[in-house]
Amino acid sequence: MEVFVRRLPKVELHLHIEGSLEPELMFEMAARNNITLPYQTVQEARDAYQFDDLQSFLDIYYQGANVLITERDFFDLTWAYLLRCKADNVIHTEIFFDPQTHTARGIAFDTVINGIYHALRQGEKELGITSKLIMCFLRHLSEEEAFETLAQAEPHLNRIVGVGLDSSEVGHPPEKFQRVFTKALSMGLKTVAHAGEEGPAENIWNSISLLNVSRIDHGVQCTQDPALVAELAKNRMPLTVCPLSNIKLRVFDSMENHNILKLLDQGLCVTVNSDDPAFFGGYMTDNFLALTRALNPSKKQLVMLTRNAIEASFISDEEALNLNSQLDEFWLHHGDDS
Ligand code: ADE
Ligand code: ZN
């Protein structure tokens with residue numbers, strides 16, 4: 001089963017590029033940018049990655065991002081992630097970036113997006129990995145700051161497929177961003193939002209009805225409300241689930257108790273994603289392996305998770321046909337009915 005999981009073609013839809021900053025690269029960037037880190041060694045940084053909840057993670061995550069200064073830094077960060085994608089057989093990825101984490105430190109929006117975008121283009125050319133870019137608003141900041149960020153993105157609309165909503169969910173519900181999401185939609189952008197990670201099922205309902213999202217990031221708290229689960233299944237509203245993240249941030253007490261396969265079996269369009277792999281113990285293959293060891297899925301269920309991600313992605317029908325045929329080819333050679 002492990003070989004099957006490693007070789008399975010994968011599609012990632014929930015990855016914060018700043019959350020893929022490994023401590024080794026963080027130290028390299030700190031040295032070249034003359035920044036002092038609160039850790040002496042890579043090991044010390046890794047040892048500090050112990051979290052009680054989302055907020056305790058976010059504090060460390062935003063601090064790590066302080067080493068990202070130049071366009072080259074954003075390029076190197078993205079390129080390192082793409083190399084991990086290649087090793088994990090990720091064939092398409094839709095990544096988040098948090099411009100406000102950087103513009104608040106005086107880094108130009110253009111520096112951030114140029115570095116990320118050029119790495120993505122090179123990844124398509126040299127590694128054959130296709131990608132899309134989603135700009136997130138930090139929900140702990142104001143509506144006004146989100147509008148300012150959307151204005152900064154205007155010259156780059158050809159490089160951004162949609163907007164998202166991340167950071168501290170509790171206390172910052174989706175309705176706070178209804179107007180800025182309406183504006184983004186009017187500009188031709190898709191919308192997604194983190195909801196039902198730590199927050200209530202109500203945040204999922206409101207992200208759908210008020211923010212018009214095309215998918216929900218996390219969404220695992222939907223089981224608080226059976227009517228919501230039924231609605232998500234009926235409409236095939238995708239959930240970008242992040243198994244290792246949920247364990248590290250104590251959304252579930254163990255992987256054995258994770259609800260991803262139960263939701264899959266109820267007909268929901270659930271997908272597997274890595275969220276912030278440098279902080280949560282692994283990339284796409286690690287997430288698939290962890291859930292495979294704990295929940296013993298069939299090969300059919302594992303393939304369905306990639307099938308769902310293709311369905312939930314923002315690619316054209318033609319590109320989806322191509323990815324699905326890669327998955328069919330894989331199934332032909334490695335599938336059986338177990
Ligand atoms: N930013 C980065 N990772 C996040 C997560 N899991 N939830 C909310 N905001 C985030
Ligand atoms: Zn996330």
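This section describes the internal cavities and the annotated binding site of a predicted model.

Two cavities of 30 Å³ or more were found. The largest has a volume of about 110 Å³. Its lining is made up of 16 residues. Nearest the centre of this cavity lie His-16, Leu-54, Phe-57, Leu-58 and His-194. Helix H4 (residues 54-64) supplies the largest share of the lining, with five residues. By class, seven lining residues are nonpolar, four are polar and five are charged.

The second largest cavity holds about 40 Å³ of space. Glu-12, Tyr-81, Arg-84, Cys-85, Asp-88, Val-90, Ser-274, Tyr-283 and Met-284 form its lining. Here helix H5 (residues 71-87) gives the most, contributing three residues. Five residues of this lining are nonpolar, one is polar and three are charged.

An unreviewed UniProt entry annotates His-14, His-16, His-194 and Asp-275 as "binding site". These positions span 262 residues in sequence, but no two of their C-alpha atoms are more than 11.8 Å apart, so they gather at one spot. From this set, His-16, His-194 and Asp-275 belong to the lining of the largest cavity.

Two of the annotated residues were examined further. His-194 sits in strand S5 (residues 190-195). Its relative accessibility is 4%, and His-194 therefore counts as buried, the cut-off being under 20%. Beyond its neighbours within four places in sequence, His-194 is in contact with His-14, His-16, Phe-96, Arg-139, Leu-165, Asp-166, Asp-217, His-218 and Asp-275. Among these contacts are the annotated residues His-14, His-16 and Asp-275. The side chains of His-194 and His-14 are joined by a polar contact of 3.0 Å.

Asp-275 lies in the loop between strand S8 (270-272) and helix H14 (277-280). At 2% relative accessibility, Asp-275 also counts as buried. Outside its neighbours within four places in sequence, Asp-275 is in contact with Glu-12, His-14, Leu-15, His-16, His-194, Glu-197, His-218, Cys-242, Ser-245 and Phe-280. Glu-12, one of these contacts, is also a lining residue of the second largest cavity. A polar contact of 3.4 Å links the side chains of Asp-275 and His-218. His-218 is in contact with His-194 as well.

Note on methods
Residues are numbered from 1 along each chain as its sequence is written. Chains are lettered from A and ligands numbered from 1 in the order in which they are written. This is a predicted model: local features need pLDDT of at least 70, side-chain atom pairs count only at pLDDT 80 or more; totals for chains, interfaces and linings use all residues. Side-chain values use heavy atoms; hydrogens and water are left out. On a 1 Å grid over the protein atoms alone, a cavity is a set of points where a 1.4 Å probe fits but cannot get out, and a pocket is an open set with protein on both sides within 12 Å along at least five of seven lines; lining residues have an atom within 4 Å of a point. Grid points are joined across faces, edges and corners, and a volume is the space filled by probe spheres set on the points. Helices (H or I, at least four residues) and strands (E, at least two) are DSSP runs, numbered from the N terminus. Ala, Val, Leu, Ile, Met, Phe, Trp, Tyr, Cys and Pro count as nonpolar, Asp, Glu, Lys and Arg as charged, and the others, Gly among them, as polar. UniProt positions are given in the numbering used here, feature names are shortened, and annotations may be inferred rather than shown by experiment. Buried means under 20% relative accessible area, exposed over 50%, partly exposed in between (1.4 Å probe, protein chains only). Contact means heavy atoms within 4.5 Å. A polar contact is a pair of N or O atoms within 3.5 Å; within protein, one must be able to donate a hydrogen and the other to accept it, and residues adjacent in sequence count only if both atoms are side-chain atoms.
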